[in-house]
Amino acid sequence: MLKMILSAIFLLGLYTNAFAAVGCSLDDPDRDVKKLFPESSGYKTTFVTLKEIGGEAIKKEIEARLGDTFDSIYENLDVPYAYYTVLKGKDPIGYIHGVNQKGKFGVLQLVLATDLQGKAIAFYYQKISSPESAKFRAVDFTGQFKGLTLSDFAQRTAKVIDPSASSAEDFKATLRGLKKNLILLDLFLHVQGHQGGK
Amino acid sequence: MSRGRSFLVLVGFVFTVGSAGRASAGESLFYKEVNLIGGYSSRDHWAGRSSELLNSVGFEDFRKFSNDYGDYLTTDLQMRVGYDSLKNAEDGWGIQVHNAWLLYKLNLGAKLRLGHFDPAFGLEPQVDTHAMLLQTLAAQDIGFKKDWGIGLEGNLSELDYKTALQLGSGMAIYRRDDSYLWTGRIGSPKTGNLQYGLSFLYGNVLESMGMRTWPRDDLMSDNAVLKKRAGLDSQYLFGPYLFKAEAAYGKNDDNDVLGYLGEIDYTLPRLQNLEFEFQAKSWINDLGEGSSDDTTLSLGVSYKLNQSKTLRAAFSHDLNRFGQKKENKFLVQFYFFGA
């Protein structure tokens, strides 16, 4: 019996094309893409890990741009990131990218939709465990990040006010996560040879 | 070959197979999985398995297929070789196919699912319990967590829906006594802090004696059980707490049945690798008969060593067990899932 099982595994193993493990992919990309880009007709998912595109050297570069070191649980080299190229017909019209970010009580999942130049069109929390999550999810807060780019990040986010009464840690984590999101998307698009902007 | 040595050979084999193809990037993910579990049971003494988990090694292969117009097909194959410590050495080994499905995008915004996947009922399709010591009601309610068949799912304006027509046989492929299983669930999207769903189930369901896909475990009977259910489920994330609840009511042939589950998970804010879980679960096999319930309290702890390795432990205490001796059980688990 054991020999038969091993043979079956071997046959299955022959056609598997191996890979790594997922960071923050969209729970429901069909719903999200249609909501963020009503004119879209489809999307294409791309998986990428930092290990594949440069490993430790890329990690150090990202940490330098972020101004902070990576968290060992949420931000290691093996974590596969998923980004979505939104299409109208065959033509790209934007991108959606989510990241995991350590928050006060657990992981925050921060999703940005951008145009082809990397300018934010929309931002939302796919997951946030804060007791004040409603304040963070409110359009009054998330709408302030519309138009955000990597180059004007510091200037624009300096004006954003923490919407919470006692969750400053989650507010800071949101800003860090959004910056990381834009850095990674910028990096992925350049590596993959897509149109992207700094 | 001894049991222990056989298991080590399998671990090495799966790792070798998994490493062989690493190189190219693309819309594909491959994970290796190792599940080591053991503990003590007041009923069986040495426990080499939980209710739903065996010592096992396996893999998951997840793929996205696209053309110039975008993604159109997703596939997932997740399987493992497990050893059931309650069987003898020769019969203990088996293959469990956990996920084996393809999801095809239809033009109307809906998706068609084909293969082995979750019935669209209760909490189970909303949470991934394939590696967890604490389980949902699915195994008591339906009799299994996955089944072979076809499904349809999609989005309404504010709700998600899914429905499935399956064989009613669970892990192994059987068709006896006109067996089938229809399930349907409508619920909130997965992204909110509060999630909820309403489910229905109807079908002639077979009862298996095990969790193997191949070789097939025997059926408890060639006669299917006519099951009818309505169920409610909910999850609420609030700060460090995740509350889970589900309830189901219906009939198994002529017996009225009722089940309910409540669970609180607590993540330590300062040490988010560490989580505590408390669960109360009860399944009443016949509302017309006294003490016909299976009721268990469980306390679990989970510690994430890193992105791919997790240690878990759980103590469960039976308050009642219908037709069986009550059991106290303590289990520890090492779980690896990664590249």
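This is a short talk on the sheet, the long helix and the cores of the structure shown above.

Before anything else, please keep in mind that this is a predicted model, with an ipTM of 0.86 and a pTM of 0.88. For chain B the pLDDT averages 91, and 92% of the residues score at least 70. The stretch I would ask you to read with care is residues 1-26 of chain B, where pLDDT stays under 50, although the model has 31 contacts there beyond four places in sequence.

Let me turn to chain A and its sheet. Five strands form an open sheet in the order β1-β2-β3-β4-β5, with antiparallel pairing, and the edges are β1 and β5 of chain A, each of which pairs on one side only. On average, and ignoring direction, neighbouring strands of this sheet are turned by 20° against each other. If you look at β3(A) and β4(A), you will find eight bridges joining the two antiparallel strands, and Gly98(A), for instance, has Val111(A) in β4(A) as its bridge partner. As a general reminder, strands of a sheet pair through backbone hydrogen bonds, either parallel or antiparallel.

Now, what lies across these strands? It is α7(A), which lies across β1, β2, β3, β4 and β5 of chain A and runs at about 135° to β3(A). The helix has 24 residues, which at 1.5 Å a residue should span 34 Å, and because its end C-alpha atoms are 35 Å apart, the expected span and the model agree. Of those 24 residues 17 are buried, so that α7(A) is mostly covered, and the helix is followed by Gly193(A), whose phi is positive, near 80°.

That brings me to the largest nonpolar core, which has 48 residues, and in which Tyr83(A), Tyr84(A), Val86(A), Ile96(A) and Phe188(A) touch the most other members. The elements giving two or more residues to this core come from both chains: β1, β2, β3, β4, β5 and α7 of chain A, together with β1 and β3 of chain B. The greatest contribution is that of α7(A), with nine residues.

To take one member of this core, Val86(A) touches, leaving aside residues up to four places away in sequence, a set of residues that includes Val33(A), Phe37(A), Tyr43(A), Pro92(A) and Ile96(A). There is also a second, separate core of 41 residues, and among its members are Leu77(B), Phe144(B), Met171(B) and Trp283(B).

Notes. Residues numbered from 1 in each chain as written. Chains lettered and ligands numbered in written order. Predicted model: local features only at pLDDT ≥ 70, side-chain atom pairs only at ≥ 80, totals over all residues. pLDDT = per-residue confidence, 0-100. Contact = placed C-beta atoms within 7 Å. Core = buried A, V, L, I, M, F, W, Y, C linked by C-beta atoms within 7 Å. Buried ≥ 20, exposed ≤ 12 C-beta atoms within 10 Å, placed from the backbone. Helix = DSSP H or I, 4+ residues; strand = E, 2+ residues; numbered from the N terminus. Pairing = 2+ DSSP bridges. Axes fitted to C-alpha atoms, helices over the stretch in contact; angles between N-to-C directions. Expected span 1.5 Å × (residues − 1).
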